Amino acid sequence: MLRSALFFAALLALAACGGSDRVAAPDDTFGHRFDDGAPDVRETMALAPRDTTQDYFSYPAVVDTLHVRPAPLGRMTDEGVPVEVLVKGALPDGCSQLADVEQERAGNLITVTLTMQRPKRAFCTQVVRPFRFYLPLDGRYQPGAYTLKLNDQTRPFEIAAPESES
């Protein structure tokens, strides 16, 4: 019994040590989406359309995690690869919504501002609402090192060069 338990533990350890062929986690995989039923129970959100008859307070969205997800190198063209960002955060109440995103790119620095809105004079339930937001970055990215600054978080990322065919 002890011998089979040790064998099973060693097998698990070997599986966990996988090399470059290991499968990426879904949150780190370009194009992967959890529309409903994400394991972290975050609601997948899109930007809410602004109601022009309503006045809003606007704030930077509260972000706790960023996953920068470049497309696989197989999708590399002369212009580079597309990149998307999985943003995880939380809205502070039942009325707040993701409202707007602005992107600016200066060389290898990408600055993104994600805002949320809350209607003025609204009575809202005080419940924290965790969210996922999938953001495709504008343009394509050549191999190299980049820095993403989204609200108050900074995340370096790299686009690998495709292996040359010999």
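Sort the residues lining the largest pocket by class and you get 9 nonpolar, 2 charged and no polar ones. Keep in mind as you look around that this is a predicted model.

So who are these residues? One stretch of the lining holds Val68, Pro70, Ala71, Pro72 and Leu73, and the rest of the list is Arg155, Pro156, Phe157, Glu158, Ile159 and Ala160. The charged class takes in Arg and Glu, and you'll find Arg155 and Glu158 among the lining residues. Two strands are worth picking out here: β3, covering 62-70, and β9, covering 153-159, each give the lining at least two residues. The largest share belongs to β9, with 5 residues. As for the space itself, the largest pocket holds about 290 Å³.

Now step back to the whole protein chain. What does its secondary structure come to? There is 1 helix, along with 9 strands. Start at the N terminus and you meet the α element, then one β after another: α-β-β-β-β-β-β-β-β-β.

How do distant parts of the sequence come together? Take the contacts in the protein chain with a separation of 6 or more: 73% of them link residues 24 or more positions apart.

Finally, the inside and the outside. The protein chain has 166 residues, and 33% of them are buried. On the outside, the chain exposes about 10,600 Å², with carbon and sulfur atoms supplying 56% of that area.

Definitions and conventions. Residues are numbered from 1 along each chain as its sequence is written. This is a predicted model: local features need pLDDT of at least 70, side-chain atom pairs count only at pLDDT 80 or more; totals for chains, interfaces and linings use all residues. Side-chain values use heavy atoms; hydrogens and water are left out. Helices (H or I, at least four residues) and strands (E, at least two) are DSSP runs, numbered from the N terminus. Buried means under 20% relative accessible area, exposed over 50%, partly exposed in between (1.4 Å probe, protein chains only). Contact means heavy atoms within 4.5 Å. Accessible areas come from the Shrake-Rupley method with a 1.4 Å probe; for residues, only the protein chains shown count as cover. On a 1 Å grid over the protein atoms alone, a cavity is a set of points where a 1.4 Å probe fits but cannot get out, and a pocket is an open set with protein on both sides within 12 Å along at least five of seven lines; lining residues have an atom within 4 Å of a point. Grid points are joined across faces, edges and corners, and a volume is the space filled by probe spheres set on the points.
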